[in-house]
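Work through these exercises with the structure open beside you. Try each task before reading its solution.

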Amino acid sequence: MESDYDELDRRLVHALQIDGRAPFSAIAEVLGVSDRTIARRYTRLRSAGAVRVLGGVDPTALGAILWFLRVRCAPCASLSVAEALARRPDTSWVSLSSGGTEITCVVRTESEADSEALLLAKLPRTPRVEGVTAHSVLHAFYGGPDNLAGKLGPLDEEAMERLRPPAVPRRRGRVRLDDGDRKLLALLATDGRAGFEQLAAATGWSPTTVRRRMTQLHEHGVLYLDIDVDWRMFGVHTRTLLWLSVAPAHLEEAGQTLAGHPEIAFAAATTGPTNLYASVVCANQQELYRYLTTRVAALPAIAHLETAPVIKTVKQAANQT
């Protein structure tokens with residue numbers, strides 16, 4: 001519940017969103033408390049499952065293709081099909097929506113051939129699946145390294161600037177992962193604050209090599225830091241998926257505008273029957289209605305809008321390596 005958390009919890013989470021590996025001493029200095037207080041708070045929140053710092057991987061930086069799938073099936077079968085999808089290593093964000101008759105998930109495919117096999121062979125033959133709509137992600141307007149805590153967090157600009165790490169130069173070119181990289185990313189996917197000695201022990205590298213490789217993966221856009229949060233801490237209690245059709249000439253403008261809304265956790269341009277997808281979080285249904293009839297209604301050239309309230313999240317992010 002929101003009342004289980006206080007302002008220091010929210011400030012700590014916001015600080016971790018800015019720099020998930022910032023030393024507790026640096027966070028404590030900015031927040032005006034002791035190192036021990038920050039360490040205790042993080043340990044308590046992490047033990048309760050309220051916050052975790054994770055190493056995220058952008059699979060598109062490795063040449064993969066992301067798909068949003070809308071899988072329709074009978075209500076009596078939806079949970080078992082969703083759980084089967086959640087067990088796949090190539091899925092994330094598996095959710096039940098639309099009253100339990102639809103499953104929405106993100107699927108990673110490594111090539112066009114894998115996409116064809118998934119969409120034309122594997123899923124339609126799954127028992128009790130009545131239909132599949134596929135949307136390939138063309139461009140993400142908000143999500144990945146951009147976390148909702150950055151919008152909802154209470155820190156002022158001065159505090160954020162003190163915590164913000166140096167900008168990482170972006171390097172072009174495809175990155176190939178070896179076994180050491182996969183071990184590194186697997187450990188960071190469970191604990192983004194794991195120490196260099198611990199990461200060195202897992203990979204067989206030296207701490208210096210670990211640090212250098214993490215920097216390289218950051219520079220190529222493969223690795224980023226993310227946080228997994230109990231959003232009730234910020235008064236968020238409902239998540240709704242939006243599928244929008246926008247005139248192509250206005251797609252970029254609509255996507256960028258959505259990305260700036262504090263209610264938007266993720267937004268992307270897609271292929272498929274609709275061309276703009278968004279994940280919306282609100283305090284309650286009344287706030288959702290207000291958002292749809294004001295901010296969304298003001299978007300340019302919206303021809304169609306479909307809402308799908310999430311009733312259960314079966315799987316969140318996955319290690320995408």
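**Exercise 1. A helix and its neighbours**

Which helices do the buried residues of α2 pack against? The model is a predicted one, so treat the answers as computed from it.

Solution.
- Step 1. Find the buried residues. In α2, which spans residues 24-31, I27, A28, V30 and L31 are buried.
- Step 2. Look down the helix axis. The buried residues of α2 fall within an arc of 165°, so they line one face of the helix.
- Step 3. Name the partners. The buried residues of α2 pack against α1 (7-18), α3 (35-47) and α7 (157-163).
- Step 4. Check the residue that follows. G32, just after α2, takes a positive phi of about 75°.

**Exercise 2. A covered strand**

Find how many residues of β4 are buried and which way they point.

Solution.
- Step 1. Count. Strand β4 covers residues 102-109, and 8 of its 8 residues are buried.
- Step 2. Recall the rule. Side chains in a regular strand alternate between the two faces of the sheet.
- Step 3. Sort the residues. E102, T104, V106 and R108 point one way from β4. I103, C105, V107 and T109 point the other way. All of them are buried.
- Step 4. Take the β2 side. Strand β2 (residues 65-73) runs antiparallel to β4, and 8 bridges join the two. F68 has V106 as its bridge partner in β4. V71 stands opposite I103 in β4.
- Step 5. Take the β3 side. Strand β3 (residues 91-97) is also antiparallel to β4, with 5 bridges. The bridge partner of T91 in β4 is V107.
- Step 6. Inspect the hairpin. Between β3 and β4 there are 4 residues, and in this hairpin S98 takes a positive phi near 55°.

**Exercise 3. The barrel and its helices**

Trace the strand order of the barrel, then place α4 and α12.

Solution.
- Step 1. Follow the pairing. The order is β2-β4-β3-β10-β7-β9-β8-β5, a closed barrel of 8 strands with antiparallel pairing.
- Step 2. Read the twist. On average, neighbouring strands of this sheet are turned by 35° against each other, direction ignored.
- Step 3. Place α4. This helix (residues 75-86) packs on the sheet and touches β2, β3, β4, β5 (129-142) and β10 (302-315). The direction of α4 makes about 170° with that of β3.
- Step 4. Place α12. Helix α12 (residues 285-296) lies across β7 (238-246), β8 (264-270), β9 (276-282) and β10. It runs at about 25° to β7.
- Step 5. Zoom in on one residue of α12. Y291 is found in this helix. Y291 counts as buried because its relative accessibility is 2%. Leaving out residues up to four places away in sequence, Y291 touches L242, L258, H261, E263, I264, V280 and V296.

**Exercise 4. Another strand pair**

Is β1 enclosed or open? Find its partner strand too.

Solution.
- Step 1. Count burial. In β1 (residues 51-57), 6 of the 7 residues are buried, so the strand is largely enclosed by the rest of the structure.
- Step 2. Find the partner. β1 is joined by 7 bridges to strand β6 (residues 223-229), running antiparallel.
- Step 3. Fix the register. L54 has D226 as its bridge partner in β6.

**Exercise 5. Cysteines**

How many disulfides does a search of the whole structure find?

Solution.
- Step 1. Search. The result is 0 disulfides.
- Step 2. Test C76. The nearest cysteine sulfur is that of C73, 8.3 Å away, and C76 is in no disulfide. The cut-off for a disulfide is 2.5 Å.
- Step 3. Compare accessibility. C76 counts as exposed at 74% relative accessibility. C282 counts as buried at 4%.

**Exercise 6. Aromatic pairs**

Classify the pair F68 and F266, then the pair W243 and Y277.

Solution.
- Step 1. Choose the descriptors. An aromatic pair is described by the distance of the ring centres and the angle of the planes.
- Step 2. Count the pairs. The structure has 7 aromatic pairs.
- Step 3. Classify F68 and F266. Their centres are 5.9 Å apart and their planes 70° apart, which is edge-to-face.
- Step 4. Locate them. F68 is in strand β2 and F266 in strand β8, so the pair ties together parts 198 residues apart in sequence. F68 is buried, at 4% relative accessible area. F266 is partly exposed, at 22%.
- Step 5. Classify W243 and Y277. This pair is tilted, with 4.8 Å centre to centre and 55° between the planes. W243 lies in strand β7 and Y277 in strand β9, 34 residues apart. Both W243 and Y277 are buried.
- Step 6. Join the results. F68, W243, F266 and Y277 form one aromatic cluster.

Notes: Residues numbered from 1 in each chain as written. Predicted model: local features only at pLDDT ≥ 70, side-chain atom pairs only at ≥ 80, totals over all residues. Heavy atoms only, no water. Buried < 20%, exposed > 50% of the residue type's maximum accessible area, 1.4 Å probe, protein only. Arc of directions from axis to C-beta. Contact = heavy atoms within 4.5 Å. Pairing = 2+ DSSP bridges. Axes fitted to C-alpha atoms, helices over the stretch in contact; angles between N-to-C directions. Phe/Tyr/Trp six-rings, centres within 6.5 Å; stacked < 30°, edge-to-face > 60°.
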